[in-house]
Amino acid sequence: MIVAYNTFMIFFLVLLHAADMFGTMYLVYGGHGTEGNSLMAEALEGGPFVFILVKIVGVLVSTFFFWCLREEKFTSFIVTVIVIIYGVEILNQLELFGRI
């Protein structure tokens with residue numbers, strides 16, 4: 001049961017990362033928002049390809065880490081918290097989209 005839940009949440013987290021990436025690019029490059037993460041802000045300054053590359057590498061590393069630990073109970077807690085954080089971020093982006 002834990003493995004199935006963690007597997008679902010890991011894949012859901014990857015989808016949230018993708019939504020965050022595209023939303024961030026639209027908002028920042030469109031002049032409607034800023035990136036709060038200093039590392040990602042620097043990547044954005046390097047252009048969309050640099051930003052996408054940095055984002056994909058980060059997602060691959062974190063996904064690999066969580067995948068290796070998908071049978072552990074604490075992974076459920078950690079991944080759930082991260083999904084909630086990204087979910088709130090996506091909601092914030094949607095709120096900004098509504099203002100455009």
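In which helix do F8 and F12 both lie, and how many residues apart are they? In this predicted model, both phenylalanines belong to helix α1, where they stand 4 residues apart, about one turn of the helix. Their rings have centres 6.0 Å apart and planes at 5°, so the pair is stacked. A search of the whole structure finds 4 aromatic pairs, and the pair of F8 and F12 is one of them. With a relative accessible area of 53%, F8 is exposed, because the cut-off for that class is over 50%. F12, by contrast, has a relative accessible area of 34% and is therefore partly exposed.

The overall arrangement of the protein is made up of 4 helices and 0 strands, so that, read along the sequence, the pattern is α-α-α-α. Along its principal axes, the C-alpha trace spans about 45 × 25 × 15 Å. Of the 100 residues in the protein, 29% are buried. When contacts between residues at least 6 apart in sequence are considered, 70% of them join residues that are at least 24 apart.

Two salt bridges were then examined, the count in the model being 2. In one of them, the side chains of K55 and D20 meet at 2.9 Å, taken from N to O. This pair links distant parts of the chain, since K55 belongs to helix α3 (residues 48-68) and D20 to helix α1 (residues 2-29), with their positions 35 residues apart in the sequence. Both K55 and D20 are buried. The other salt bridge joins the side chains of E95 and R99, with 2.7 Å from N to O. Here the two partners are 4 residues apart in helix α4 (residues 73-99), which means that they are separated by about one helical turn. E95 is partly exposed, with a relative accessible area of 39%, whereas R99 is exposed, with a relative accessible area of 63%. The two salt bridges can thus be set side by side: K55 and D20 come from helices α3 and α1 and are buried, while E95 and R99 share helix α4.

R99 also serves to illustrate a separation across the model. The C-alpha atoms of R99 and M9 are separated by 30 Å, and the two residues are 90 residues apart along the chain.

The residues of the buried salt bridge appear again in the description of the largest pocket. This pocket has a volume of about 420 Å³ and is lined by 24 residues, of which D20, E35, N37, M40 and K55 lie nearest its centre. D20 and K55, the partners that meet in a salt bridge, are therefore among the residues nearest the centre of the pocket. The lining draws on several parts of the chain, in that α1, α2 (38-45), α3 and α4 each supply at least two of its residues. Sorted by class, the lining consists of 10 nonpolar, 10 polar and 4 charged residues.

Two further buried residues, Q93 and A43, show how individual positions are placed with respect to other parts of the chain. Q93 lies in helix α4 and has a relative accessible area of 4%; as this is under 20%, Q93 counts as buried. Apart from its neighbours within four places in sequence, Q93 is in contact with A19, D20, G23, T24 and L27. One of these partners, D20, is the residue whose side chain forms a salt bridge with K55.

A43 is found in helix α2 and, with a relative accessible area of 5%, is likewise buried. When neighbours within four places in sequence are left aside, the contacts of A43 are with V50, F51 and V54. A43 is also 12 residues from K55 in sequence, and the C-alpha atoms of these two residues are 8.7 Å apart in space.

Note on methods:
Residues are numbered from 1 along each chain as its sequence is written. This is a predicted model: local features need pLDDT of at least 70, side-chain atom pairs count only at pLDDT 80 or more; totals for chains, interfaces and linings use all residues. Side-chain values use heavy atoms; hydrogens and water are left out. A salt bridge is a side-chain nitrogen of Lys or Arg within 4 Å of a carboxyl oxygen of Asp or Glu. Buried means under 20% relative accessible area, exposed over 50%, partly exposed in between (1.4 Å probe, protein chains only). On a 1 Å grid over the protein atoms alone, a cavity is a set of points where a 1.4 Å probe fits but cannot get out, and a pocket is an open set with protein on both sides within 12 Å along at least five of seven lines; lining residues have an atom within 4 Å of a point. Grid points are joined across faces, edges and corners, and a volume is the space filled by probe spheres set on the points. Ala, Val, Leu, Ile, Met, Phe, Trp, Tyr, Cys and Pro count as nonpolar, Asp, Glu, Lys and Arg as charged, and the others, Gly among them, as polar. Rings of Phe, Tyr and Trp (its six-membered ring) pair if their centres lie within 6.5 Å; planes under 30 degrees apart count as stacked, over 60 as edge-to-face and the rest as tilted. Contact means heavy atoms within 4.5 Å.
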